[in-house]
Amino acid sequence: MKARRTAAAILATFAVATAAGQSAKKKIVVAGVGQAMVEQLRTVAPAGVEIVGAAPTQVAAEIADADALISGQITRQQLAAAKQLKWVQILNAGAEDYIPILKGTDVTLTNLKVVLGPEVADHAMALLLALTRGLYETIPARKWEVPRDIGRVTELQGKTAVIVGVGGVGMQIAQRAAAFGMTVLGVDPKDAAPPTVSKMMKPDQLDSVLSGADVLFVTVPETPATKGMIGAKQFGELKRGAFFICVSRGTIYSTDALVDALTNRRLAGAGLDVTDPEPLPSNHPLWKFENVLITPHIAGASDAASERVIDLLEENIRLFAAGQPLRNVVDKEKGY
């Protein structure tokens, strides 16, 4: 009888231990992606991780006992429902909408910075080349027609590009601009200059280099420090005949000041993948300028983007399961 009780006790202890082990499994809720991606993440997830796919309406319920969330958004209501959330992976590079929600919490926030760098840089150069080569005239014409002022078609070799924000996108633009024979100057809080950047300046030195810029690229994320940093003063100090390209956030530059600079022919043209507001109203003054190219915030799209995104998600899931530092952690104080 005693032996039978001892065996029963051992089995009970084993059952409790097994249940505890199962409950210790890390739960990661994945929302805002297709089922195929959910299944792929399940396939590669470590044994101690449970991947749970959720529709937007299911997130609040599923997040209650989740350790992590991979999603295109998180709301204050969802965060309030989360009892043990430790990590949020957002599915874009800009974190300005998420920081106010997660700031002051112990939740680690990661994003897609660097991951979308190549295609955004390609898009920035495409906007610039369409302007410098007069393609904004010849392509819409749909006929054999020389640009009205062929003498204004611009060669990039020997020109100076100023890149505001030398992060994942800015470094990729620097590589491309340097390959075209341009001198590249960077404006960024970091001190180290990538090999393709001739000189780095701090953000408070921006105005000192604008007069020599043939092209001004804006790739900084939206933060309290960068919002509205390109205004009437900066456009006024920019070299006459320069090109303005922005592919990060429309709130970084003053739309009114840009309209004035174009009206006064201070600028030779502008390429914008981002505006404020978005979408840009059909009656907005920017639409009237032939030398302003506007695309609907699509610079991050490419045939290779999904693969790099999945690679990052898979790696961060493995790192999270192992309790190791994650990639692309956002500094919630700095905003990027």
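Valine 330 sits in the segment after α12, where helices (H or I, at least four residues) and strands (E, at least two) are DSSP runs numbered from the N terminus. The model is a predicted one, so local features need pLDDT of at least 70 and side-chain atom pairs count only at pLDDT 80 or more, while totals for chains, interfaces and linings use all residues. Residues are numbered from 1 along each chain as its sequence is written, and side-chain values use heavy atoms, with hydrogens and water left out.

With a relative accessible area of 4%, valine 330 is buried; buried here means under 20% relative accessible area, exposed means over 50%, and partly exposed is in between (1.4 Å probe, protein chains only). Setting aside residues up to four places away in sequence, valine 330 touches Ala95, Ile99, Leu109, Thr110, Asn111, Gly335 and Tyr336, a contact being heavy atoms within 4.5 Å. Its C-alpha atom is 14 Å from that of valine 220, and the two residues are 110 apart along the chain. Asparagine 328 also lies in the segment after α12. Asparagine 328 is buried, at 12% relative accessible area, and it has a positive phi of about 60° although it is not a glycine.

As for the overall picture, the protein has 12 helices and 12 strands. Its C-alpha atoms fill a box of roughly 105 × 45 × 35 Å along the principal axes. Of the 336 residues, 47% count as buried. Among contacts with a separation of 6 or more, 58% come from residues 24 or more positions apart.

Next come the helix pairs. Two packed helices are described by the angle between their axes and the distance between the axes. Helix α2 (residues 35–44) packs on helix α12 (residues 305–322) at an angle of about 40°, with the axes 10 Å apart. That makes α2 oblique to α12. For reference, axes are lines fitted to C-alpha atoms, for helices over the stretch in contact, and angles run from 0 to 180 degrees between N-to-C directions; angles under 35 degrees count as roughly parallel, over 145 as roughly antiparallel, 65 to 115 as roughly perpendicular and the rest as oblique. The crossing of α2 past α12 is right-handed, meaning that the near helix is turned clockwise from the far one by less than a right angle (anticlockwise would be left-handed). On the α2 side the contact involves Met37, Gln40, Leu41 and Val44, which meet Ile310, Leu313, Glu314 and Ile317 of α12. By class, that contact has six nonpolar, one polar and one charged residues, with Ala, Val, Leu, Ile, Met, Phe, Trp, Tyr, Cys and Pro taken as nonpolar, Asp, Glu, Lys and Arg as charged, and the others, Gly among them, as polar.

The second pair is α6 and helix α8 (residues 168–179), which pack at an angle of about 50° with their axes 8 Å apart. That makes α6 oblique to α8, and α6 passes α8 in a right-handed crossing. From α6 the contact draws on Gly117, Pro118, Val120, Ala121, Asp122, Ala124 and Met125, and from α8 on Gly168, Val169, Gln172, Ile173, Arg176 and Ala177. These divide into eight nonpolar, three polar and two charged residues. Histidine 123 also belongs to α6 (residues 117–132). Histidine 123 is buried, with a relative accessible area of 16%, and beyond its neighbours within four places in sequence it is in contact with Asp273, Thr295, Ile298 and Ala299.

On to the cores: a nonpolar core is a set of buried Ala, Val, Leu, Ile, Met, Phe, Trp, Tyr and Cys residues joined through side-chain atoms within 4.5 Å. The largest has 52 residues, of which Ile28, Ile51, Phe217, Ile245 and Ile317 touch the most other members. A second, separate core of 35 residues includes Val209, Leu216, Ala257 and Ala270. In helix α11 (residues 255–263), Thr255, Ala257, Leu258, Val259, Ala261 and Leu262 are buried. Their cover includes α10 (232–237), β10 (242–246), β11 (267–272) and β12 (292–294).

Some backbone oddities round things off. Just after α11, arginine 265 takes a positive phi of about 60°. Arginine 142, in the loop between α7 (135–141) and β6 (160–164), has a positive phi near 55° and counts as exposed at 76% relative accessibility. A cis peptide bond joins aspartate 276 and proline 277, with omega about 10°, and another cis peptide bond joins glutamate 278 and proline 279, with omega about -5°. Proline 277 is in the loop between β11 and β12, as is proline 279.
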